[in-house]
Amino acid sequence: MEAPDPELLELARSARTVTVLSGAGMSAESGVPTFRDAGTGLWARWSPEELATPEAWDADPELVWSWYLWRARQVRRLRPNTGHRAVARWADRARVHVVTQNVDDLHERAGSRVLAHLHGSLFAFRCSVCGAPFPARLVPGLAAGTGAQRPPDPPEPARERPPECPACGGPVRPAVVWFGELLPEEAVERAAAAVAEADLVLVVGTSGLVQPAASLPLVAVGRGTPVVEVNPEDTALTPHADRTVRAGAAEALPLLLPPPDGRRPAARRPSTGR
Ligand code: OAD
């Protein structure tokens with residue numbers, strides 16, 4: 001795509017306080033599969049609706065634990081993309097609040113401080129009985145570095161038992177939000193405050209189908225705050241967004257948020273619209 005039109009660039013450049021709301025598409029070009037795009041491997045065999053539930057945990061904690069551990073180890077091997085890095089760089093010249101539905105740590109590894117992980121993190125753990133936090137460094141296979149230096153992982157989860165909680169002996173679970181569970185209240189409050197404070201809300205790579213995260217951009221729309229969507233596809237938000245950039249995050253964000261020194265990545269044809 002070519003550089004976005006000047007009006008959109010000006011909107012991004014002039015914003016002083018920005019809230020970035022990211023979803024699975026943000027990390028798609030890093031190799032993390034999205035949830036709802038057809039044909040992506042990870043969910044072809046294990047659907048999140050089946051495994052990301054308290055019922056699945058109750059029925060077979062070992063299976064759910066192994067699946068999450070396998071995903072966490074996969075993410076460890078992947079790297080932030082140019083979209084994550086553009087968001088991190090943006091903080092050099094505006095107040096940028098990153099609120100993500102993603103459970104990966106690619107925003108952080110690109111250099112952003114994430115204000116809220118609305119759906120938790122693949123790298124945080126707690127006891128499923130007493131709730132005590134469990135340190136990630138005690139989880140087998142998670143501490144051993146990132147990127148290509150990691151030993152290869154199996155192509156699918158091998159069964160592993162969840163560790164025992166040192167406090168009560170209960171099985172340790174991933175500190176992610178499962179379907180039917182409430183989001184961490186503090187994270188939701190921080191996200192809502194960031195949206196209220198923003199003079200620009202940038203929504204990247206989310207289908208806008210999962211509540212309450214999906215309502216955050218609509219709150220901004222209701223307040224009259226400009227909302228820009230970056231997504232190669234139409235979403236539930238598209239009719240409400242002020243501007244839409246029809247491209248992937250890794251391509252669009254470096255063009256929308258060029259480095260302060262004015263250097264621009266090579267440009268191709270744009271596909272932006274209202
Ligand atoms: P989805 O899988 O529902 O949507 C991914 C979105 O990313 C779609 O709108 C795609 O068009 C878009 N997309 C794909 N590739 C992209 C790219 N390269 N750049 C930008 N966008 C791209 O993911 P989420 O909306 O994040 O919840 O899903 C929300 C929640 O549903 C997840 O956090 C998870 C899931 O079930 C829980 O696990 C609680």
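1. Asp-60 is a good place to start: in this predicted model, its relative accessibility is 21%, so the residue counts as partly exposed. Since buried means under 20%, the label "partly exposed" is the right one for Asp-60 at 21%.

2. The partner of Asp-60 is Arg-159, and their side chains meet in a salt bridge with an N to O distance of 2.5 Å. Asp-60 sits in the loop between helix H5 (54-59) and helix H6 (61-77), while Arg-159 belongs to the loop between strand E5 (133-134) and strand E6 (172-176), so the pair ties together parts that are 99 residues apart in sequence.

3. Helix H9 (residues 185-197) offers a pair within one element: Arg-190 and Glu-186 both lie there, four residues apart, about one turn of the helix. Their closest N and O atoms are 3.7 Å apart in a salt bridge. Glu-186 is exposed, with a relative accessible area of 57%, whereas Arg-190 is partly exposed at 35%.

4. Do look at Asp-234 and Arg-246 too, a salt bridge whose closest N and O atoms are 2.6 Å apart. Asp-234 is in the loop between strand E8 (227-230) and strand E9 (243-245), and Arg-246 is in the loop between E9 and helix H11 (249-256), so this pair ties together parts that are twelve residues apart in sequence. Asp-234 counts as exposed at 61% relative accessibility; Arg-246, at 25%, is partly exposed.

5. One network is worth a mention as well: Asp-5, Glu-7 and Arg-243 are joined by salt bridges that share partners. For the overall tally, the structure holds eleven salt bridges.

Conventions. Residues are numbered from 1 along each chain as its sequence is written. This is a predicted model: local features need pLDDT of at least 70, side-chain atom pairs count only at pLDDT 80 or more; totals for chains, interfaces and linings use all residues. Side-chain values use heavy atoms; hydrogens and water are left out. A salt bridge is a side-chain nitrogen of Lys or Arg within 4 Å of a carboxyl oxygen of Asp or Glu. Helices (H or I, at least four residues) and strands (E, at least two) are DSSP runs, numbered from the N terminus. Buried means under 20% relative accessible area, exposed over 50%, partly exposed in between (1.4 Å probe, protein chains only).
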